[in-house]
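Colleague: Please take a close look at the nonpolar side chains in this model, beginning with the surface and then going inside.

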Amino acid sequence: YFNQTNSLTDATNAALVLENVSEEQAGFYQVVVSNPYATVTSSPALLSVEVPAIVVPAGIVEGPTDQIATNGDTVTWTVLAEGDEPLSYQWFFNETNSLTDATNATLLLTNVSPGQAGFYQVVVSNPYNSVTSAPALLSVVVLAAIVNGPTDQIATNGDTVTWSVVAVGSEPLLFQWYFNETNSLTDATNASLVLTGVTPEQAGFYQVAVSNPYASVTSAPALLSVVVLPTIACSTNRVVDIGAVWDFDPP
């Protein structure tokens, strides 16, 4: 019998076997033994059915994704994980380099530099398993900047003048030279500007714009002064007597 009054079908032997028991079968069991002369009922025996705990292994619901940062920026990555506690975290750089104190769901990188560009991933674990996120790429770009720009120059009419600019930044770096601010110079798209046979008409201010896909910067204007040396020009050749006055045409 189950719970005193429920007689069990085909349970008419000295042994009772229950297979694949479930929670619904928990309760009291007893047996009635009889012969033609008497009937006796056993004391009830309790069957407890324990349900095993559901184990949730560590898993990653949402991992870090690729980011692009500027030199000096702050970068934050967060992983969303699931699983039975305790969950533990360890962040890695370029697969094998474990990051010191990077043991939280969030990774914070401050003042990043190009040397920190690479792949980041996190290992999440609990007592039942361990799982690693897909690698996320950090690209660190450097804004275009001018380290050393052109300076003022004085040239003589007909001279060759050369200006150069020292610039830094992520490639590709592009250059464009200008005359008097708004006049872009044809084919002047290198770090150096060469002017040959300069004339007074080329005197003025020169500057260069340096750019990359992330920023553009223009140098301070540099003044080119073109001086013309004095010359003497005679209109005709003359033969004069000794002691005569030789008149020169003004230059």
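Modeller: A patch joins residues with over 30% relative accessible area and no salt bridge, like charges within 9 Å and nonpolar side chains (Val, Leu, Ile, Met, Phe, Trp, Tyr) within 5 Å; a salt bridge is a side-chain nitrogen of Lys or Arg within 4 Å of a carboxyl oxygen of Asp or Glu, and areas follow the Shrake-Rupley method with a 1.4 Å probe, with only the protein chains shown as cover. The model is predicted, so local features require pLDDT of at least 70 and side-chain atom pairs pLDDT 80 or more, while totals for chains, interfaces and linings use all residues. Numbering starts from 1 along each chain as its sequence is written, and side-chain values use heavy atoms, without hydrogens or water.

On the surface, L16, L18 and V21 form a nonpolar patch of about 220 Å². L18 belongs to the segment before β1 (27–29), strands being DSSP runs of E of at least two residues, numbered from the N terminus. L18 is classed as partly exposed because its relative accessibility is 32%, between buried (under 20%) and exposed (over 50%).

Inside, the largest nonpolar core (buried Ala, Val, Leu, Ile, Met, Phe, Trp, Tyr and Cys joined through side-chain atoms within 4.5 Å) has 20 residues, and W77, L109, V124 and L138 have the most contacts inside it. At least two of its residues come from each of β7 (75–78), β9 (88–93), β11 (106–109), β12 (118–126) and β14 (136–141). A second, separate core has 19 residues, including V165, F175, L195 and A222. Returning to L109, its contacts (heavy atoms within 4.5 Å), leaving aside neighbours within four places in sequence, are D73, T74, V75, W77, Q116, Y120 and L138.

Key. Helix = DSSP H or I, 4+ residues; strand = E, 2+ residues; numbered from the N terminus. Buried < 20%, exposed > 50% of the residue type's maximum accessible area, 1.4 Å probe, protein only.
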